[in-house]
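Colleague: I'd like to go through the labels on this model and hear what backs each one. Could you show it first?

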Amino acid sequence: MAVAPPSYCFVAFPPRAKDGLVVFGKNSARPRDEVQEVMYFSAADHEPESKVECTYISIDQVPRTHAIVISRPAWLWGAEMGANEHGVCIANEAINAREPAAETEALLGMDLVRLGLERGTTAKEALDVIVALLEEHGQGGNYYEDADSCHSFQSAYLIVDREEAWVLETVGKYWAAEQITEGVKCICNQLSLTTKIDAEHPELRSYAQSQGWWTGEDEFNFSQVFSLADDHLDCCAGKDSLEKKEESITVQTMIDILRDKASGVCIDSESFLTTASVVSVLPQNRSSPCIHYFTGTPDPSRSIFKPFIFVDDVKLVPKAQSPCFGDNDPAKKEPRFLEKPDRRHELYKAHEWARAVIESDQEQGRKLRKTMLELEKQGLEAMEEILTSSDPLDPTEVGDLFYDCVDTEIKFFK
């Protein structure tokens, strides 16, 4: 498989972001034929000493897990990106570092995204969850549904809530993190932390010294110490896209950035594609709800961002969920991935038709895309009304919000 292109995570804080909103966005660059599904899991209580089956290993379950909504490659347990009921959002990036990632099956970076969301009520709490699990179980295993070779990576995370964000970068069990409370931040598939480190593994520096990567005399620069010597991957495309925006950054600004192919933020290559995208808006005023927009389909430039709001009775959306193969799933049987089942969900199949039309018939494709954007605009305007309204949110009105949007999209494609 070709070398993976960068995928990007962004966050913007007031005053760069509009009206006291924190705006978060992520494009997931994954193998071109991979299907991502959007899944909601309600909050749950668990029996003492029960286990949770992650992608490759089982770990101890906690007494209670929070409600989450995630976008994930359909073959694995974890998540590429998602949010929880407390307004915490997390996205993950695969990193190559000076120390190769373990091929031994452990927790995937994507498992740690989901575990952080299920167990953290704030960004800092989610960070603490992730690093504790990293220390206990390690990270490793194949990131791709590929029987021919193992693609293992270290992980970086952007962890965001209404008040702050943490950039967490990991190499094996070692890690460093930076706190962000203002301005804009972009991370992609390379180590980015330098000398501003606000939390770290207690043995991080002594480990770097023991490997001969740091003398202990000059200033400690995390990415210089732990990056590959030839790692000159350029993350500036994403950073520039965000920093060049002179106006206040809104949900629409973030969507436009994620759709930008010219900058390299939106991937569409022979082997890789932006297989799913998310934008979240987190009002710093806690009386307003957080709103999360998922595509559930590839290529944001040809996808509709559909809103989701956490309430008690969220209607499940089977049409955005891939078929379940249970214990017969080739991802669960060893040796793994000997077959590739058809993981396309109903939304994905309907969207395939739309993509084919857009690619093959210029006139019809233009009309189709115009109607798609009109549908999306209606959703964005309805959510704007919720955010600016002084009336309390009526849970019965938004419990089936994402369900209705997916349903409308599929009907429209047909």
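Colleague: What makes the crossing of H7 and H10 left-handed or right-handed?

Modeller: H7 and H10 cross in the left-handed sense. A crossing gets that label if the near helix is turned anticlockwise from the far one by less than a right angle, and clockwise would make it right-handed. The angle here is about 40 degrees, with the axes 9 Å apart. Axes are lines fitted to C-alpha atoms, for helices over the stretch in contact, and angles run from 0 to 180 degrees between N-to-C directions.

Colleague: Which residues make the contact?

Modeller: From H7, Glu 346, Leu 347, Ala 350, His 351, Trp 353 and Ala 354; from H10, Val 406, Glu 409, Ile 410 and Phe 413. Contact means heavy atoms within 4.5 Å. By class there are 7 nonpolar, 1 polar and 2 charged residues. For those classes, Ala, Val, Leu, Ile, Met, Phe, Trp, Tyr, Cys and Pro count as nonpolar, Asp, Glu, Lys and Arg as charged, and the others, Gly among them, as polar.

Colleague: And what sort of model is this?

Modeller: It is a predicted model, where local features need pLDDT of at least 70 and side-chain atom pairs count only at pLDDT 80 or more, while totals for chains, interfaces and linings use all residues. Residues are numbered from 1 along each chain as its sequence is written, and side-chain values use heavy atoms, with hydrogens and water left out.

Colleague: How do you know that the length of H7 agrees with what a helix should span?

Modeller: The expected span is 1.5 Å times one less than the number of residues. With 15 residues H7 should span 21 Å, and its end C-alpha atoms are 22 Å apart, so the two agree. Helices (H or I, at least four residues) and strands (E, at least two) are DSSP runs, numbered from the N terminus.

Colleague: Which residues of H7 are buried?

Modeller: Leu 347, Tyr 348, Ala 350, His 351, Ala 354, Arg 355, Val 357 and Ile 358. Buried means under 20% relative accessible area, exposed over 50%, and partly exposed in between (1.4 Å probe, protein chains only). Their cover includes S16, S18, H8 and H10.

Colleague: What makes Glu 49 and Asp 299 worth flagging?

Modeller: Glu 49 has a positive phi of about 65 degrees without being a glycine, and Asp 299 likewise has a positive phi, near 60 degrees. Most residues other than glycine have a negative phi. Glu 49 sits in the loop between S4 and S5, and Asp 299 in the loop between S17 and S18.

Colleague: Why is Glu 49 called exposed, and is Asp 299 buried or exposed?

Modeller: Glu 49 has 80% relative accessibility, so it counts as exposed. Asp 299 has a relative accessible area of 0%, so it is buried.

Colleague: Where are the cis peptide bonds you marked?

Modeller: One joins Pro 14 and Pro 15, with omega about 5 degrees; Pro 15 lies in the loop between S1 and S2. Another runs from Glu 334 to Pro 335, with omega near -5 degrees, and Pro 335 belongs to the loop between S18 and H7.

Colleague: How do you know that S17 and S18 pair?

Modeller: Two strands pair if DSSP finds at least two bridges between them. S17 and S18 have 3, in the antiparallel sense, so they meet that definition. One bridge partner of His 292 is Phe 308 in S18. H8 packs on that sheet, touching S16, S17 and S18, at about 170 degrees to S17.

Colleague: What is the strand order there?

Modeller: S14-S1-S2-S16-S17-S18, an open antiparallel sheet of 6 strands. S14 and S18 are its edges, each pairing on one side only.

Colleague: And what about S13?

Modeller: S13 is mostly covered, with 6 of its 7 residues buried. S13 pairs with S12 over 7 antiparallel bridges, with Thr 170 opposite Trp 175. In their hairpin, which has 2 residues between the strands, Gly 172 has a positive phi near 65 degrees. S13 also pairs with S15 over 2 bridges: Ala 176 partners Glu 200, and Ala 177 partners Ala 199.
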